[in-house]
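Please explain how the helices of this protein pack against one another, and where open space remains in the fold. An account in plain paragraphs, suited to a reader new to the structure, would be welcome.

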Amino acid sequence: MHDALTGGPAWLHDTAASRLLETAALARQPRPGHLMALAGLSVARLALAITPRMHASQGRVWVLSGPGNNGGDGLVAARHLHQAGRQVNVVQMGDADRSPEDARQAFEAARDAGVSFVDAPPVPAASSEDLIVDALLGLGQSRPPTGSLAAVVAWQRQQTRAVTLAVDLPTGLCADTGSVLDPRGELVVQAQHTLSLLTLKPGLFTHHGRDLAGRIWLDTLGQTDTALAAGASARLLRSQAAEAAWPARHHAQHKGSFGDLWVIAGAPGMTGAAWLAARAALAGGAGRVYLATLSGAAEVDPLWPELMQRATADWQKPGVLEAATVVCGCGGGETIAALLPEVLARAGRLVLDADALNAIAASDALLRALQQRRSAGLATVLTPHPLEAARLADVHTAAIQQHRLQAAQALALRCDSVVLLKGAGTVIAGPAAMPCINTSGNARLATPGSGDVLAGWLGAAWSAMPSPSASAGDTDLRWQAATRQAMQAASAAAWVHGAAAEIAPVDARLPLRASQLAAAMTQVLQPAPLR
């Protein structure tokens with residue numbers, strides 16, 4: 001068993017892929033019920049581990065057992081917990097005689113062992129010493145709980161003092177998308193721990209999943225890494241992404257070794273966004289950082305005098321953008337649209353954020369220019385938040401949020417670009433790559449300017465990478481190599497950006513101001529081993 005955020009397999013499997021693995025595992029089990037026995041024992045062991053001070057004399061375990069195999073896993077766990085001396089009550093939903101064979105046998109074994117069964121949860125609230133095990137529905141949920149199941153879920157939501165452990169995933173949460181199945185957002189279990197069995201489900205890590213699942217654990221029930229990798233739908237992004245993107249620097253390197261980066265952004269009244277991106281680019285490791293604000297104001301930042309102010313005419317000179325990494329659009333306003341055709345045609349490596357994305361969403365000509373970068377062998381990274389992604393995809397924001405993984409993949413294909421879809425469980429997708437979901441970060445990043453810092457830092461990570469080797473005469477091979485590198489930079493930046501919110505010494509109830517974020521990201525990459 002592993003803490004899913006820090007160790008163990010990083011592969012994610014949607015419902016269809018999980019079902020295929022489950023079918024294969026059942027076919028290989030040495031005897032009927034073996035897989036359920038492993039799953040139930042794992043649930044019981046985790047239940048004991050997260051309630052170390054619960055004793056037989058105080059605190060009860062309420063196992064909410066559904067009519068399928070998820071309920072069977074809960075019944076096996078109930079028997080083990082009962083035998084360990086815990087006071088266990090099973091709330092059995094549905095007729096056990098109509099359950100699948102393994103679940104029916106688990107019911108009989110629990111009953112024969114003396115486990116107590118009740119028809120409904122207790123009328124009084126569970127105490128702070130109680131544990132609730134949510135084994136109601138598990139994988140394959142497609143509609144909100146109804147009838148007696150809905151009543152049990154509503155009861156669990158009221159038990160704010162008890163600890164809840166969800167088996168596989170919280171009841172009422174979509175395994176593939178992380179969306180709450182109830183349109184009102186009410187009929188869903190709020191867990192403090194979730195034990196995902198056999199596979200990790202994407203919905204646990206994005207949209208509402210992280211808030212509802214609590215701490216996520218994985219037990220692969222004996223599956224090999226090879227089997228898990230073969231059918232994966234996506235993968236988790238962990239600290240290893242950052243380790244690869246920022247290797248130790250060599251003594252013989254110089255500032256030119258880490259590339260030139262231009263920030264083209266900051267319309268009148270919004271120059272703060274451009275400064276945030278430029279400062280992050282310098283802190284993130286770019287060799288030289290040039291800032292061309294759209295306001296035309298020539299200033300020197302007294303706190304960051306290393307930043308070099310330039311005019312639009314400076315980057316319009318031949319050969320400048322072609323040899324640079326460009327971060328474009330942060331606080332760009334409507335002014336950026338007129339400059340985008342040239343930026344899209346010439347930038348060697350391009351990160352598009354904020355108003356640059358809005359301009360492309362509003363113009364078929366700019367979208368075509370973005371798509372044509374592929375034919376020139378040029379890679380691009382888009383960093384939309386959900387509303388900007390919705391504009392680019394011409395859908396409502398709710399459609400993006402309800403299918404974040406799929407939406408990022410579709411947008412990457414449409415734009416021939418790497419897409420970093422910001423939000424809870426940031427998704428990084430490429431046109432021909434397995435998508436990943438970032439594991440770091442929290443709501444402290446929900447603050448103005450946070451995305452500008454991410455764009456600048458991403459540009460810096462990319463700028464410092466040497467040009468990938470590819471056939472000079474084959475532009476599509478060059479584009480593929482550059483796009484793989486762009487996805488590596490985007491993934492690394494997303495992880496460090498999120499990790500900064502987790503370590504910065506600020507009250508966790510308050511946002512992390514964007515002006516503090518670059519320093520916190522630098523702290524993440526200090527010599528102490530990455531988490």
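**Helix packing and pockets**

Helix 17 and helix 19 (residues 514-524) cross at roughly 40°, and their axes come within 8 Å. The model under discussion is a predicted one. Two packed helices are described by the angle between their axes and the distance between the axes. An angle that is neither under 35 degrees, nor over 145, nor from 65 to 115 counts as oblique, and helix 17 and helix 19 are therefore oblique to each other. The crossing in which helix 17 passes helix 19 is right-handed. On the side of helix 17, the residues that meet the partner are S450, V453 and W457, while helix 19 contributes A514, L517, A518, M521 and T522. Sorted by class, this contact of helix 17 with helix 19 consists of six nonpolar and two polar residues, with no charged residues.

A second pair is formed by helix 2 (residues 34-50) and helix 3 (residues 69-83), whose axes lie 7 Å apart and whose packing angle is about 55°. That angle makes helix 2 oblique to helix 3. The crossing of helix 2 and helix 3 is right-handed. Helix 2 makes the contact through M36, A37, A39, G40, L41, V43, A44, A47 and L48, and helix 3 through N69, G72, D73, V76, A77, H80 and L81. Of the residues in the contact of helix 2 with helix 3, 11 are nonpolar, four are polar and one is charged.

The third pair joins helix 11 (residues 336-346) with helix 13 (residues 364-372); the two axes come within 9 Å and cross at roughly 20°. Because angles under 35 degrees count as roughly parallel, helix 11 and helix 13 are described as roughly parallel to each other. Helix 11 passes helix 13 in a left-handed crossing. From helix 11 the contact draws on A337, L340, P341 and L344, and from helix 13 on L366, A369 and L370. The contact of helix 11 with helix 13 has seven nonpolar residues, no polar residues and no charged residues.

The account now turns from packing to open space. Rolling a probe the size of a water molecule over the atoms shows where empty space is left. The largest pocket has a volume of about 760 Å³. It is lined by 31 residues, of which G423, A424, N442, L445 and A446 are the closest to its centre. Two or more lining residues come from each of helix 6 (209-213), helix 12 (355-361), helix 17 (450-463) and helix 18 (475-503). Helix 17, already met in the first pair, gives the most to this lining, with four residues. By class, the lining of the largest pocket has nine nonpolar, 15 polar and seven charged residues.

The second largest pocket holds about 510 Å³ of space. Its lining comprises 24 residues, and the closest to its centre are A245, W246, P247, A248 and R249. Helix 8 (residues 240-245) supplies the largest share of the lining of the second largest pocket, with four residues. The lining of this second largest pocket divides into 14 nonpolar, eight polar and two charged residues.

Note on methods: Residues numbered from 1 in each chain as written. Predicted model: local features only at pLDDT ≥ 70, side-chain atom pairs only at ≥ 80, totals over all residues. Heavy atoms only, no water. 1 Å grid on protein atoms, 1.4 Å probe; cavity = no way out; pocket = protein on both sides within 12 Å on 5 of 7 lines; lining within 4 Å. Points joined across faces, edges and corners; volume = space filled by probe spheres on them. Nonpolar A, V, L, I, M, F, W, Y, C, P; charged D, E, K, R; others polar. Axes fitted to C-alpha atoms, helices over the stretch in contact; angles between N-to-C directions. Left-handed = near helix turned anticlockwise from the far one by under 90°. Contact = heavy atoms within 4.5 Å.
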